[in-house]
Amino acid sequence: MEIVVCVKPVPEAETRLRVSADGTRLDPEGVKFVLAGYDESAVEQALLLKESIAGSRVHAISFGPAPRTEEVLRASIALGCDQATWIEAPTPVPDDPVLAARALARAIASAPHDLVLCGKQAGDDESAIVATALGELLGVPVFGYVVDLKWDPGRSRLTFHRVMESGQESWESPLPCVIGLQQAWNDPRTARLPMILKSRKAPITKATMPDPAGNSRSVPAKFELPVARTGAKLIEYKSPEEAALKLVRILREDAKVFP
Amino acid sequence: MTSRIVVVGEVHHDHLIEATLEAIGKGRELAGSEGVVGFVGGSHAETAASEFARFGIGEVRWARDGVLDDRAAGRFAPTIATVADLEKASLILVGGTNFGRDLAGHLAIRWNAGTATGVTDVRTDGESLTVRRPVFGGRATETRRLEGPRAVLALRPHAFAVAPESVVPPHILPVPTAEVPSAWGGTKCLGTEVVPAGSGPALTDAAIVVSGGRGVRAPENFHLVEELAASLGAAVGASRAVTDAGWRPATFQVGQTGKSVSPQLYIAVGISGAIQHIVGMVSSRVIVAINSDPTAPIFKVADYGIVGDLFQITPALTSEIRKVRGL
């Protein structure tokens, strides 16, 4: 099985966010970028499938600027991906998930691909657009919010569950197919030193970004951090009953969260 | 640019879901009742189609086709794009559930539309359309300008008010289903394991969430959290400490590695407020914390706090809420 896994560098969860000088985006200065959480989970899924299906290969593809995009691709190779393609984005990054999907789709279309795996969304922009846009661009079925992904070789079908608001749906799909993964692994692999050393010298294929002209776009106009919360208004009380009474009154009359 | 708007209905148990009613409300605000056309798909959507009329939208297009009975946005996108073109719409609104966000991604390509998901505010000055949306788990907010003649917005659930009732005569027109790409042919939904009734609303869909943390001390005490939730008709959540310890399944977890929620009211019981929990709930409208430790970081993000023993405060709160709600 030819497996493509799309990966994205995002700021580390604990990063202190700062606004760029022009006020439109996150200031990347001094930010440590890592492989997005759900994308890391997709890499683990890709490698598990590779290990269980003889003759499989995993190809990591990423769209983004230097140096962070190259770094997450090398991290993916260190985890066990066989090949990597980098579509370099100019700086400042044209920060638009649909544009990213168009860039990824072009690179995927020109490479062998049976299964395309993405994280269901990235922890920075949280758009959850890339997977579905990829499916549409590649003309193949696409499913997001997927867990329990399995390959049934006898019937040549993927089987999986989708975590939807109303319950878990059970699905099957033929290949080729795009999957937006929501799986949380208990014990995902970590890169071992020999693989990390090898990944530093591994070749990375470069691809170019498609011309965005003629397409609708979404353009970042402003990036704001919340006004620092002043901290909770603490309720003073003499008995638990009084605390409850005061809180319920505030929630009904001031916050108006229930009648 | 908002000449005419298509609001896509999502149907659950034959009815429009609340996120759709919120999208109807926003659509009416932007284009007036006359400027909005409803869309529903599926073989059992007659009730849902007529529900639009209760909320002021008489014009509804119904693609009555079993192929749209499953929540697979890729099967809906070709028909919705066709309907939007026929209606000369420049904007498609959908409730930002998983289905709605999927649909936005499909239509971004199929309808060549500027697209945003998780939208909490929509502004238009006739020419341009700008939206606001929380990013980084609610730790920042971005404003985006959508450029081009068409746009699709998936509205974050609970961010907008449900449309006020305003009964108009229904005018439901059947529309044919546009061809789904042939590659979808072998896809099949084998069934849905529905969240059992009586377990309260789904965590990511609830208007009120009550979560318990390590402060609850033992699984046999978790009923305090559940009773408070039940008194409010709220969903039950948990911190990672609770799900890691196996007191509750991982599906209850709110936070970076669990679910992100943004209810009207979030009550954190015995949760200290590690950053990995905070990013999953900080965009809630009102946050209440109950904790015995006055220095717990949860009090920094909460709007209201009670410093005290949760084993005394929580039952008192449950009983007070039951009283005012006449339960």
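**Figure 1. Chain A and chain B share a strand pairing in this predicted model.** Let's start with one rung of the ladder: Glu224(A) has Thr141(B) in E10(B) as its bridge partner. That match belongs to a longer run, in which strand E12 (residues 217–224) of chain A and strand E10 (residues 140–147) of chain B are joined by seven bridges. The two strands run antiparallel. If you're new to sheets, strands pair through backbone hydrogen bonds, and they can do so parallel or antiparallel.

**Figure 2. Here is the contact between the two chains.** Chain A puts 64 residues into this contact, and chain B puts in 81 residues. Which helix of chain B gives the largest share of its side? That's helix H4 (residues 98–110) of chain B, with nine residues. Sort chain B's side by class and you get 37 nonpolar, 28 polar and 16 charged residues.

**Figure 3. This sheet takes strands from both chains.** Six strands line up as E13(A)-E18(B)-E17(B)-E16(B)-E14(B)-E15(B), with parallel pairing, and the sheet is open. Why is one side of E13 of chain A and of E15 of chain B left without a neighbour in the sheet? Strand E13 (233–234) of chain A and strand E15 (235–238) of chain B stand at the edges and each has a single partner strand, so one side of each has no neighbour there. Zoom in on strand E17 (residues 286–291) and strand E18 (residues 304–307), both of chain B, and you'll find four bridges in the parallel sense. Within that pair, Ala289(B) sits opposite Gly305(B) in E18(B).

**Figure 4. Helices from both chains pack on the six-stranded sheet.** Helix H6 (residues 240–254) of chain A touches strand E16 (265–269), E17 and E18 of chain B. The direction of H6 makes about 175 degrees with that of E18(B). Chain B brings a helix too: its H5 (residues 223–232) lies across strand E14 (208–212), E15 and E16 of chain B. That helix runs at about 175 degrees to E14(B).

**Figure 5. Chain B has an open sheet of seven strands.** Follow the order E7-E11-E6-E1-E4-E5-E12 in chain B; the pairing is parallel. At the edges are strand E7 (114–119) and strand E12 (171–174) of chain B, each pairing on one side only. On average, neighbouring strands in this sheet are turned by 20 degrees against each other, ignoring direction. Take a closer look at E12(B) and you'll see it pair with strand E5 (residues 59–63) of chain B over four bridges, in the parallel sense. Trp62(B) faces Pro174(B) in E12(B). Helix H4 of chain B packs on this sheet, touching strand E1 (5–8), strand E6 (91–95), E7 and strand E11 (151–155) of chain B. The direction of H4(B) makes about 170 degrees with that of E11(B).

**Figure 6. Strand E7 of chain A pairs with E10(A) and with E8(A).** With strand E10 (residues 177–181) of chain A, strand E7 (residues 142–152) of chain A pairs in the parallel sense over three bridges. Phe143(A) stands opposite Ile179(A) in that E10(A) pairing. How do E7(A) and strand E8 (residues 157–164) of chain A run, parallel or antiparallel? They run antiparallel and are joined by five bridges. Arg162(A) in E8(A) is the bridge partner of Val146(A). The hairpin of E7(A) and E8(A) has four residues between the strands, and Ser156(A) takes a positive phi near 50 degrees there.

**Figure 7. Two helices of chain A pack at an oblique angle.** Helix H2 (residues 68–79) and helix H5 (residues 193–201) of chain A pack at about 135 degrees, and their axes are 8 Å apart. That angle makes H2(A) oblique to H5(A), and their crossing is right-handed. On H2(A), the contact is made by Arg74(A), Ile77(A) and Ala78(A), while H5(A) brings Met195(A), Ile196(A), Ser199(A) and Arg200(A). By class, the residues of this contact are four nonpolar, one polar and two charged.

**Figure 8. Each chain is divided into domains.** In chain A, domain 1 covers 2–207 and domain 2 covers 230–259, with C-alpha centres 45 Å apart. In chain B, domain 1 covers 5–186 and domain 2 covers 203–324, and there the C-alpha centres lie 32 Å apart. The contact between the domains of chain B takes seven residues from domain 1 and eleven residues from domain 2.

Conventions:
Residues are numbered from 1 along each chain as its sequence is written. Chains are lettered from A and ligands numbered from 1 in the order in which they are written. This is a predicted model: local features need pLDDT of at least 70, side-chain atom pairs count only at pLDDT 80 or more; totals for chains, interfaces and linings use all residues. Two strands pair if DSSP finds at least two bridges between them. Axes are lines fitted to C-alpha atoms, for helices over the stretch in contact, and angles run from 0 to 180 degrees between N-to-C directions. Angles under 35 degrees count as roughly parallel, over 145 as roughly antiparallel, 65 to 115 as roughly perpendicular and the rest as oblique. A crossing is left-handed if the near helix is turned anticlockwise from the far one by less than a right angle, and right-handed if clockwise. Ala, Val, Leu, Ile, Met, Phe, Trp, Tyr, Cys and Pro count as nonpolar, Asp, Glu, Lys and Arg as charged, and the others, Gly among them, as polar. Domain bounds come from an automatic or database domain assignment.
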